[in-house]
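Student: I've got the sequence and the structure open side by side. Can we go through them together?

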Amino acid sequence: MTTSTEAPTRSAAARAVDARKTYGTGEAAVHALAGVTVDFPEHEFTAIMGPSGSGKSTLMQCVAGLDRLTSGSAYIGDTDISKLNKTQLTLLRRDRLGFIFQQYNLIPSLTAKENILLPLTLAGTKANDAWFDEIMRTVGLQDRLGNLPSQLSGGQQQRVAVARALVPKPDIIFADEPTGALDSRTGIEILTFMRRAVDDTGQTIVMVTHDPHAASYANRVLFLADGQIVDSMDDPTADRVLDRMKQFEG
Amino acid sequence: MIKLVLSSVRHNLARYLATLVAISAGVGFFVAVSVISDGIISSLDGNVDAQYGTVDVAVVPDDTTTVASTGAEPEPLKLPQSSVDHLLALPGVDGGAGILTAPVAFQAEDGKPFATSATGRLWITDKELNPLTVTEGKAPTSSGQIAVDQGTADDQHLKVGESLTLLTLAGKQKVTLVGITDFGDSDALDTGGTVSISEPDAFTWLNNGQQEYASFYLRGNDPSTLVAEAGQVIPDGFNVQTGNEFRQDQRDANGSFAQGLKKALQAFAVLALLVGGFVIYNTFSVIVAQRLRELAVLAAIGATPRQLKRSLRLEGVVLGIVGSVLGVITGYLLTLALEGVLKATGNTLPGGLSVSTSTIVSGLLLGTIITVLSVMIPARRAGRTEPIEAMREAATESASLGRTRGIVCVVLGVLGLVAMLAGSSLAVIGLGVVAFVASVFVGAPYLARGGARAARPLLERFGIEGRLAVDNSVRSPKRTATTANALLIGVFLVTLVAVAGASIRDFAIQQVNDLQSADYVVVSTGGTIDPAFVAKLRDVKDVNEVVAFRREPVTIDSKASIASAGDVAQMAKIASIKAENGSLADLTTGTIAVLDTGEGKVPAVGSTVTVKDSRGKDVQLRVVAVLAPTQDTGQTGSIIDEHTFDSLVGDVAPTVAFVDIASGAQGSTKDAIQNLADLRPDITAQEGNAVGKLIRSVFDFLIKAVTGLLLMSVVIALIGIINTMSLSILERRRELGLLRIIGMTDKRVRRMVTLESVLISLLGTLGGMLTGLVVSLLLVLSFNRLSQATITPSIPWVELIVILVLGVLLGVLAALLPARRSTRMEVLDAIAAS
Ligand SMILES: Nc1ncnc2c1ncn2[C@@H]1O[C@H](COP(=O)(O)OP(=O)(O)OP(=O)(O)O)[C@@H](O)[C@H]1O
Ligand SMILES: [Mg+2]
């Protein structure tokens, strides 16, 4: 077993090593990621923050196998995903990763329950009933399971998306502004579920957010600016994060 | 406005591509068939002018409808030399030409015959009336000289001056080839080749030595007077026409076929265009739905419904015109390609390629009008856009189906069924078919939804992708239905033609087979069935009996007909010759058994009829029996007592024979009879059930031809499926991306697209097939009801299964492009902000 130098007690669920992503060439080149090396430790909730255009989404997408790095490498566990082909990447996402996006998380023609079970259905496996019930209880959707997404509110839809990410017990869940389109109360509910999943079941979560309050639910916050990690903060609170963010602007 | 429209068309070009292809394919097909049939028509017209251009007055036999209706090849009346002498002696006649033809063939030195379907023709000495020109050598003027057409000379490598053996009705003849002839811009006047024979030989070789002509043409300055005078000197059964009348008749006879062909082909092209209409309608519906936001914004900033509608209609007009112009070009290229293929295989397109203005104009109009009509409904929808729709989430058509639709569907369906079941005229039944098919179209969204749901358990076996494929087609049932309808109409017609065609074919064959007939009919055209030939026939293994009889063209009470004489008792034993009324046993001197042709009045038993032979001799005969119409009495015509026949036409030799073979006879017996016939150019042997076989082959050919022509509409329906799938994939970019993000492999995404495409094409195929089955069965029923026939429906299962399998394959084929496209999109599109 390899041990990370930075966090000897915990191995990394995902890693990026000197990750670079460049859009365009020559004068017009945009360096969305300009050499990022980072570990996302197991069983931890990591938040990524930074100004708009700093490369947060790009970093997440490249580590999650949705996009390819221009150079450097990205690992899920010990798997170097830059060496995987398209199908292998898809299967890796299906079997080992979970996703929550800001919007458009659900298949409109499937019911809430079918959407939640979709990753398992695709893999041809069944949900553990006790586990499924537990998640349903936490997320509080028992009576809306038969509804289509169009019959659910935005908050309910997002809960379904969280449940879908949790049910297969993935190695790591990537969330890109999961509360970005919700009002603050619903946002708090969603963040509480995610925190609970980390505390109770040891789930690993990486979340991109703009919201200092959302970041305060994480164990650690990474700050990105111009495609590079410029700072990090353990056990953040909303106020400290807000202060740190103000420095970027100032 | 126009600028906005043009930029919109340019912007959406990819989406409009299928529309353009559909329009131009339909218009192209239309133009191609029009050009080709125009070519055929003009070449046939041209032939008539080349052949008969200088004829001022024509003396031709009356139509011999009597005999033609019963299936036998009649031997028409001939004009005797005495009448021709009278004609030529009329004042004002500048020249004349008699037509006389008979089959001939050549025999090579090794005894093998060649050019076996050539026509021997009396050489016409009047230069102006002769349609043939001598291109090499000279005209055949004295005995033993012949000329052949350029085509035959080339094919058989014949040279002027060569000595040849010609097989004629009068046996083998030693001849010298003295000339090569040409007919207009084609090589030969007759399809199998023309052999011109000099006057001294012609009557002996072509007509048993009788100085007679099949028809006679005159030149003269005053045709109308000539016609009146000629009418006085010609015998019964002939007709005098002016050159113009005569040419018009010839043109009609040739042209009606080509005109009919043109209309039928054009009908298929229009059908293909209508199917294209479904594609256009679908494309625009989807585009309107996708642009709802844009339209709503326009409405919000003050665009009136009328303006919204007009902008969409204008897009339709632009597309219609562009597509139609492309179609005209495609059509012309298509005919060029066809001509090229024909040239490469050594053939030519008759009449060449001439694109008439009317073809171009009707092609452009058809394409544009159908496009504009197809855009009407989507344009109305665009006009109804409310500003509020700019805020709504969903950008797809509504999945709900209005109440009116259900009511219209049921009413039309019931009306259609009732009309088909109880209609008392063809028109009512036809309307019933239209109403029923319309009801299927209107109700298609229900069928699509129901059918897709019914297919769900089956498709779910393919996993979640099968389930999603069903869901997606149910989500927009109208679009699914319109796409399927485009295919439905083609499959409906194919099934209708296959089932109704097969039913009628089998019925007709059964009817013919019910009529017993002689096993073989051997006919000499121009020659005789001499005792030596009869003996040879009898020597063939398994031949039981050969009965030869004499047959002559006559008129009975001035109606052209044929009459036969022979050993009636023997004939009746091996052939189906029966009296409906009276008795054949009463056939004695001075009596006749007349044939009931099924048309007009039949003389009663006991009455007297006047029978005239071609030389004008006549005799009064008492009717002792009326013959039932059968295949065999079709050969004999009326039957006259042998002695009476002798005194009427002379003691001529038999020209026809019935042959009876043992019931277990082998194919070798057939071959032996055929070989005997082949050695004599004048003799053909026809199997007794040949009519049944002929009917079968004609029907089978028609069914195949119609099916082939319907293929064009199926191709356009295929474009429609590709189009719908592509549009729906664009629409579901996010959904597909999400599925791939959370773990659906590309292979499964492609399979999902394929399954949906197969589902749509199966809905269309099954729907069309069921509609076709129902309509054709009801048609057979009502046909039976109206005509007291007893047609049993024949369902061609094999063909139906083949169609079904093809439907599945079509779906797979249609999915190829969209499926590739579905996985070429970026997964990140799913989460990109819109
Ligand atoms: N497909 C692309 N083509 C070109 N440039 C891109 C593309 N995607 C992202 N970029 C650029 O890369 C940089 C990083 O983008 P990224 O989406 O990662 O930012 P972000 O930190 O997630 O911003 P936000 O907070 O607004 O979501 C930006 O400058 C962006 O313009
Ligand atoms: Mg982002």
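Student: Let's start at the ligand. Of the 13 residues around ligand 1, which come nearest?

Tutor: Keep in mind that this is a predicted model. The shell around ligand 1 holds 13 residues. The ones that come nearest are A:Ser52, A:Gly53, A:Lys56, A:Ser57 and A:Thr58.

Student: Which element gives the largest share of the shell around ligand 1?

Tutor: Two elements of chain A each supply at least two residues of that shell, strand S2 (30-41) and helix H1 (56-63). The largest share is three residues. The element that gives them is H1(A).

Student: How do the residues of that shell divide into nonpolar, polar and charged?

Tutor: Sort the shell around ligand 1 by class and you find two charged residues. The rest of the shell divides into four nonpolar residues and, on the polar side, seven.

Student: How far from an oxygen atom of ligand 1 does a polar side-chain atom of A:Lys56 lie?

Tutor: Let's take its polar partners in turn. A:Ser54 uses a backbone N or O atom, 3.2 Å from a ligand oxygen. A:His210 places a polar side-chain atom 3.0 Å from an oxygen of ligand 1. For the polar side-chain atom of A:Lys56, the distance to a ligand oxygen is 2.8 Å.

Student: And how much of the accessible area of ligand 1 does the protein cover?

Tutor: On its own, ligand 1 has 630 Å² of accessible area. The share of that area covered by the protein is 58%.

Student: On to the interface. Which three residues supply the most of the area that chain B buries against chain A?

Tutor: In terms of contacts, 24 residues of chain B meet 23 residues of chain A. Together the two chains bury about 2,200 Å², with 66% of it on carbon and sulfur atoms. On the chain B side, 25% of the buried area comes from one trio, more than any other three residues: B:Leu738, B:Ile741 and B:Ile742.

Student: What about charges there? Which residue of chain A meets B:Arg467 in a salt bridge?

Tutor: Between chain B and chain A there are two salt bridges, and six residue pairs are in polar contact. In the salt bridge you ask about, N and O are 2.7 Å apart. The partner of B:Arg467 is A:Glu114.

Student: Which helix gives the most to the side of chain B that touches chain A?

Tutor: Three helices of chain B give two or more residues to that side: H14 (464-475), H22 (733-741) and H23 (746-787). By class, the side has eleven nonpolar, four polar and nine charged residues. The top contributor gives six residues, and that is H22(B).

Student: Within chain A, how many residues apart are A:Lys21 and A:Asp67?

Tutor: The whole structure has 24 salt bridges over all chains, and A:Lys21 with A:Asp67 is one of them, at 3.4 Å from N to O. This pair links distant parts of the chain, with A:Lys21 in strand S1 (residues 12-23) and A:Asp67 in the loop between H1 and strand S4 (71-76). Along chain A, they are 46 residues apart.

Student: Last one, backbone angles. Where is B:Asp557, the one with a positive phi?

Tutor: A:Lys169, which is not a glycine, has a positive phi near 50°, and A:Lys169 sits in the loop between helix H5 (154-166) and strand S7 (172-176) of chain A. B:Asp557, also not a glycine, has a positive phi of about 50°. Its place is in chain B, in the loop between strand S15 (543-556) and strand S16 (559-565).

Terms used: Residues numbered from 1 in each chain as written. Chains lettered and ligands numbered in written order. Predicted model: local features only at pLDDT ≥ 70, side-chain atom pairs only at ≥ 80, totals over all residues. Heavy atoms only, no water. Contact = heavy atoms within 4.5 Å. Buried area = accessible area lost by both parts, 1.4 Å probe. Salt bridge = Lys/Arg side-chain N within 4 Å of Asp/Glu carboxyl O. Polar contact = N/O pair within 3.5 Å; in protein donor to acceptor, adjacent residues only side chain to side chain. Helix = DSSP H or I, 4+ residues; strand = E, 2+ residues; numbered from the N terminus. Nonpolar A, V, L, I, M, F, W, Y, C, P; charged D, E, K, R; others polar. Near = heavy atom within 4 Å. Areas by Shrake-Rupley, 256 points an atom, 1.4 Å probe, with all protein chains shown as cover.
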